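Here is a short set of exercises to work through with the sequence and the structure side by side. Try each task before reading the solution below it.

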Amino acid sequence: MWAQEVVDEMISLAQAKTHSCAMIADALNAKFSTSYTRSAIAGKLHRLGVSTQKEEPKKKAVVAKPAPRPPRPLSSPVLQPVEDIALAPSPDALNVTMMQLEKRMCKWPTDTDLYCGRHTEFGQSYCNVHRKAGTMPARYSVRQLVGRIRR
Ligand SMILES: [Zn+2]
């Protein structure tokens, strides 16, 4: 079915890389009075392993841009619940109720309804331990806390 001269001509046209399969078909049909179709040419060339495609110049390897960094999360340090500090366990706390609280007794809450109750210095509301706890530097100002809540 494929005359060798036709095949040779087809291959030479294909290797010239200037003819599409349709153009090769037309050229062969004109020259050899055949009636090859574009797809017949394409199939034959494919079986012969001949390509009509111009080889694409190798593209420069695209240097991958480093992925943009994800935006930093707004710094949000973990807020310690106030209760953690207020209800800090105190080993020598007497844990008295409000009814039992008297003057010169520490009024620091140690539990939901209990207070430290230890002896306080004159004029002080809290024992030495809790006075220190009460004057610990605040981690956040009220303004910061309010800002966080509103955000
Ligand atoms: Zn106390």
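**Exercise 1. Judge the confidence of this predicted model, first for the protein chain and then for its elements.**

Solution. Start with the chain: its mean pLDDT is 79, and 70% of its residues reach 70 or more. Next, go element by element. Helix α4 (residues 82-86) has the lowest mean pLDDT, 48, while strand β1 (residues 96-97) has the highest, 94. Finally, look at the stretch 81-86, where pLDDT stays under 50. For these residues the model has 3 contacts beyond four places in sequence.

**Exercise 2. Set out the elements of the protein chain in order, and say what share of its residues is buried.**

Solution. Count the elements to begin with: there are 6 helices and 2 strands. Reading from the N terminus, they run α-α-α-α-β-β-α-α. Now turn to burial: of the 151 residues, 16% count as buried. As a last step, take the contacts between residues at least 6 apart in sequence; 29% of them join residues at least 24 apart.

**Exercise 3. Check the span of α1, then work out where its buried residues lie around the axis.**

Solution. The helix has 13 residues, and at 1.5 Å a residue they should span 18 Å. The end C-alpha atoms of α1 are 18 Å apart, so the expectation is met. The expected span uses one less than the number of residues.

Now list the buried residues of α1: M10, L13 and A14. They cover an arc of only 100° around the axis, which puts them on the same side of α1. A general rule is useful here: an α-helix has 3.6 residues a turn, so residues three or four places apart point the same way.

To complete the picture, look at the face of α1 turned away from its buried side. That face carries the exposed residues Q4, E5, D8, S12 and A16. The buried residues, for their part, pack against α2 and α3.

**Exercise 4. Do the same for α2 (residues 21-32): compare its expected span with the model and locate its buried residues.**

Solution. For the 12 residues of α2, 1.5 Å a residue gives an expected span of 16 Å. The end C-alpha atoms are 16 Å apart, which agrees.

The buried residues of α2 are C21, I24, A25 and L28. Seen down the axis of α2, they fall within an arc of 100°, so they line one face of the helix. Their packing partners are α1 (4-16) and α3 (38-48).

**Exercise 5. Describe the two faces of α3 and how this helix packs with α1.**

Solution. Begin with burial: I41, K44 and L45 are the buried residues of α3. Down the axis of α3 they fall within an arc of 100°, so they line one face of the helix. The face turned away from this buried side carries the exposed residues S39, H46 and R47. The buried residues of α3 pack against α1 and α2.

Then take the geometry of the pair. α1 and α3 pack at an angle of about 85°, and their axes are 11 Å apart. Since angles of 65 to 115 degrees count as roughly perpendicular, α1 is roughly perpendicular to α3.

Last, name the residues that meet. From α1 these are M10, I11 and A14; from α3 they are I41, K44, L45 and L48.

**Exercise 6. Find positive phi values just after α1, α2 and α3, and then one in the loop between β1 and β2.**

Solution. Just after α1 comes K17, with a positive phi of about 60°, although K17 is not a glycine. K17 lies in the loop between α1 and α2. Is K17 buried or exposed? With 12 other C-beta atoms within 10 Å, K17 is exposed, since the cut-off for exposed is 12 or fewer.

Just after α2, S33 takes a positive phi of about 55°. After α3 comes G49, whose phi is also positive, near 80°.

For the loop between β1 and β2 (114-115), the residue to find is R104. Phi of R104 is near 65°, a positive value in a residue other than glycine. R104 has 14 C-beta neighbours inside 10 Å and so counts as partly exposed.

Technical notes
Residues numbered from 1 in each chain as written. Predicted model: local features only at pLDDT ≥ 70, side-chain atom pairs only at ≥ 80, totals over all residues. Helix = DSSP H or I, 4+ residues; strand = E, 2+ residues; numbered from the N terminus. Buried ≥ 20, exposed ≤ 12 C-beta atoms within 10 Å, placed from the backbone. Arc of directions from axis to C-beta. Contact = placed C-beta atoms within 7 Å. pLDDT = per-residue confidence, 0-100. Axes fitted to C-alpha atoms, helices over the stretch in contact; angles between N-to-C directions. Parallel < 35°, antiparallel > 145°, perpendicular 65-115°, else oblique.
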